[in-house]
Amino acid sequence: MAKTKQGKRDVDSYTISGTNKVVRVGDCVLMRPVDSDNQPYVARVEKMELDGRGSVRVRVRWYYRPEESKGGRRQFHGAKELFLSDHFDMQSANTIEGKCVVHSFKNYTKLDNVGPEDFFCRFEYKAATGAFTPDRVAVYCKCEMPYNPDDLMVQCDDCKDWFHPSCMSMTIEQAKKLDHFVCSDCVKENGTKRPSHAYAGSAKYEPKAESKRQRR
């Protein structure tokens with residue numbers, strides 16, 4: 001263990017009280033909120049140190065939920081979406097309730113099952129200004145909204161764009177029954193014949209055309 005000023009020492013790990021779960025620098029953790037009715041805070045552990053009284057303190061970098069940001073939650077934000085902020089704090093390790101995983105957006109969309117400990121992050125967030133990095137992301141569908149991994153989308157076999165069933169005047173149940181899909185614009189432009197069992201075509205039931213994986 002390396003010595004730090006004022007008799008403090010860096011530590012490599014911390015075992016969460018009452019459990020056998022070990023937290024290390026770089027892990028993401030759930031931290032006890034001030035109000036017990038609120039959801040746990042999510043943070044990434046940047047440093048751990050033992051003070052002169054034998055207590056472990058952790059330096060954390062907070063994740064914000066969309067509703068905690070200046071812009072608030074928007075339609076395209078996923079239920080498990082977080083923003084990695086530039087807000088750092090020192091906290092008692094005793095406030096750590098458990099461990100979690102904050103996936104990249106790409107890896108999250110590939111999960112077969114989403115558990116309570118699974119989150120994803122695609123933006124960094126500046127708490128003081130409300131600015132996001134990146135400040136632009138790809139948009140899809142006629143509504144030109146970023147992809148929400150909780151929503152079912154169908155891909156057009158012609159233009160390869162993705163569409164929300166509701167924007168294509170069909171229900172989710174209808175979209176799930178489709179085998180191929182050609183969007184209404186491609187039907188008009190190319191004169192594509194709509195196959196049977198199609199709603200403006202037929203939807204391909206691929207990873208992005210799945211309503212978000214089962215939550216445990």
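**View A. Ring pair of Y41 and W62.** A residue counts as buried under 20% relative accessible area, as exposed over 50%, and as partly exposed in between. W62 has a relative accessibility of 9%, so W62 is buried. The model shown here and in the other views is predicted. Y41, the partner of W62, has a relative accessible area of 28% and is therefore partly exposed. The structure has eleven aromatic pairs in total. In the pair shown, the ring centres of Y41 and W62 are 5.7 Å apart and the planes meet at 75 degrees, which makes the pair edge-to-face because planes over 60 degrees apart fall in that class. Y41 belongs to strand 5 (residues 41–50) and W62 to strand 6, so the pair ties together parts that are 21 residues apart in sequence.

**View B. Ring pair of F105 and F120.** The centres of the F105 and F120 rings lie 5.5 Å apart, with the planes at 55 degrees, so this pair is tilted. F105 is in helix 1 and F120 is in strand 10 (residues 118–125), and the pair links these distant parts of the chain, 15 residues apart. The two partners are listed by burial: F120, at 0% relative accessibility, is buried, whereas F105, at 21%, is partly exposed. N107 is also in helix 1, which covers residues 105–109. N107 is partly exposed, with 42% relative accessibility. Between the C-alpha atoms of N107 and F120 the distance is 8.4 Å, for a separation of 13 residues in sequence.

**View C. Surroundings of G78.** G78 lies in the loop between strand 6 (56–64) and strand 7. Its relative accessible area is 0%, so G78 is buried. Leaving aside residues up to four places away in sequence, G78 touches R73, F120, N148 and D150. F120, one of these contacts, is itself buried at 0% relative accessibility. P149 is 71 residues from G78 in sequence, yet the two C-alpha atoms are 6.1 Å apart in space.

**View D. Surroundings of S85, with an aromatic cluster.** S85 sits in strand 7, which spans residues 81–92. The relative accessible area of S85 is 0%, and S85 is therefore buried. Its side chain reaches the backbone nitrogen of H87 at 3.1 Å. Beyond residues up to four places away in sequence, S85 is in contact with R61, W62, Y64 and Y125. W62 is the buried residue of the pair in View A, at 9% relative accessibility. Y64 and Y125 are members of one aromatic cluster that also includes F83, F123 and F132.

**View E. Charge over the ring of F119.** The charged end of K80 sits over the ring of F119. The distance from this charged end to the ring centre is 4.7 Å.

**View F. Cysteines C28, C121, C141 and C167.** Where would a disulfide be expected? A disulfide is a covalent bond between the sulfur atoms of two cysteines. The count of disulfides in this model is zero. For C121, the closest cysteine sulfur is that of C28, at 9.1 Å, which is too far for a bond. C121 is buried, with a relative accessible area of 18%. C167 is in no disulfide either, and its nearest cysteine sulfur, in C141, is 3.6 Å away. The cut-off for a disulfide is 2.5 Å between sulfur atoms. Of this last pair, C167 is partly exposed at 29% relative accessibility, whereas C141 is buried at 6%.

**View G. Backbone geometry in the loop between strand 11 and strand 12.** Most residues other than glycine have a negative phi, and most peptide bonds are trans. T133 and P134 are joined by a cis peptide bond, with omega about -5 degrees. P134 is in the loop between strand 11 (132–133) and strand 12 (154–155). C141 is also found in the loop between strand 11 and strand 12. Phi of C141 is positive, near 70 degrees, in a residue that is not glycine. E144 is located in that loop between strand 11 and strand 12 as well. E144 is not a glycine but has a positive phi of about 50 degrees. Burial sets the two residues apart: C141 is buried at 6% relative accessibility, while E144 is exposed at 57%.

Notes
Residues are numbered from 1 along each chain as its sequence is written. This is a predicted model: local features need pLDDT of at least 70, side-chain atom pairs count only at pLDDT 80 or more; totals for chains, interfaces and linings use all residues. Side-chain values use heavy atoms; hydrogens and water are left out. Helices (H or I, at least four residues) and strands (E, at least two) are DSSP runs, numbered from the N terminus. Buried means under 20% relative accessible area, exposed over 50%, partly exposed in between (1.4 Å probe, protein chains only). A polar contact is a pair of N or O atoms within 3.5 Å; within protein, one must be able to donate a hydrogen and the other to accept it, and residues adjacent in sequence count only if both atoms are side-chain atoms. Contact means heavy atoms within 4.5 Å. Rings of Phe, Tyr and Trp (its six-membered ring) pair if their centres lie within 6.5 Å; planes under 30 degrees apart count as stacked, over 60 as edge-to-face and the rest as tilted. A charge sits over a ring if NZ of Lys or CZ of Arg is within 6 Å of the ring centre and within 35 degrees of the ring normal.
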